[in-house]
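Student: Could you take a close look at the disulfides here and walk me through them?

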Amino acid sequence: MLSHALLFLGIFLILECGSPIDVFTQEATEATDFPGGIVEDTENLTRTNFELLRTLSGRFKYTARSCKEILDNHSEREDGLYYLTTANGMKYQTFCDMNTAGGGWTLVASVHENSIYGRCTVGDRWSSQQGNNPNLPDGDGNWSNRNTFGLVESATSDDYKNPGYYDIAAKDVSVWHVPNNFPMEHWNLAAILRYHTENNFLRLYGGNLFHLFKQFPVRYNIGSCSNRGPAIPIVYDHANRESTRNLYGPKSRNEFDPGFITFRAINNEQAAMAICSGVKPRGCNSEHYCIGGGGYFHPDQCGDFPSFDWDRLGRDQGWSASKEMTESAVLLFYR
């Protein structure tokens, strides 16, 4: 009697709800037919990837020393990855900004602080990875040598330097401050600060930063803080003078003028910093608002962002740069 009741109940459920096989088939059909469903999304992703690979493959045939040459000779207007060739025939991949101020900007380097708490430790390629050592006044020396490192797509996650840094003969620079770890396709929109120069100043210094820093070495004990390199006026592409000021600490704001990029600044301790981004120093505490450097600083200042976290150390309050600035990579372009 019980078995008959169970059989009747099972038949009733199947008639009301459909068989388990029918339900599974219906759900699978709905997942497949649903607009933007799994199958369609996968096909779109595959199609997009193939289109991107086809685009990159087409760009490989270009023979150009810079993004400006590609823009001029092939009328490319899309930002993204391109292939360049050095004077010696070396092929390498980098990012081209084909739109800002007429386009043709070549990414040649990025300065990324991997640990604000480190002091010239592993990863501080733009100062010293060999400790804070007065016997190594140049540190790693990467501002004025032909070393290359990093990957272009990781330029906001690690230091980056390609052969274009020393190979390209350029006139101007562009600088982007992009939050750490942002993917390449969003660098432009994510940047907290973007600007460029337009007075062809690099022509006076050999055509690139490699030659500029040969003339203005980034080295400990090279002179007093008045012995700075050139300070070049900038044109803002995103942000302005006031927002630039606010990216740095309140005390720092009292000793620089925004609206410039300055090369080879020296502080009170005779440590040299490579670039003061967006500002021209008037004082001698440039470790709080300038990046990169040689191999020796005050013991609490060494690193790619030498002393952007001064307040954390319990010292004079108000010197630390903003969190936005400290946690952004500095991307360097030529044109």
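Tutor: Let's fix the term before anything else: a disulfide here is a pair of cysteine sulfur atoms within 2.5 Å. Keep in mind that this is a predicted model. C120 and C302 meet that definition, with their sulfur atoms 1.6 Å apart. The torsion about their S-S bond is about -75°, so this disulfide is left-handed. The pair ties together distant parts of the chain, 182 residues apart: C120 sits in the loop between β3 and β4, and C302 in the loop between β12 and α9. With the cut-off for buried set at under 20% relative accessible area, C120 counts as buried at 2%, and C302 does too at 0%.

That bond is one piece of the picture, as the structure holds four disulfides. Another joins C67 and C96, whose sulfur atoms are 1.9 Å apart. Here the linked parts are helix α4, which holds C67, and strand β2, which holds C96, 29 residues apart. The torsion about the S-S bond is about -75°, so this one is left-handed. C67 is buried at 0% relative accessibility, and C96 is buried at 0% as well.

Then there's C225 with C284, sulfur atoms 1.9 Å apart. C225 lies in the loop between α7 and β7, while C284 lies in the loop between β12 and α9, 59 residues apart. C225 has 15% relative accessibility and counts as buried; C284 is buried too, at 18%.

For the overall connectivity, number the bonded cysteines of the protein chain in sequence order, and the pairing reads 1-2, 3-8, 4-6, 5-7.

Definitions and conventions: Residues are numbered from 1 along each chain as its sequence is written. This is a predicted model: local features need pLDDT of at least 70, side-chain atom pairs count only at pLDDT 80 or more; totals for chains, interfaces and linings use all residues. Side-chain values use heavy atoms; hydrogens and water are left out. Helices (H or I, at least four residues) and strands (E, at least two) are DSSP runs, numbered from the N terminus. Buried means under 20% relative accessible area, exposed over 50%, partly exposed in between (1.4 Å probe, protein chains only).
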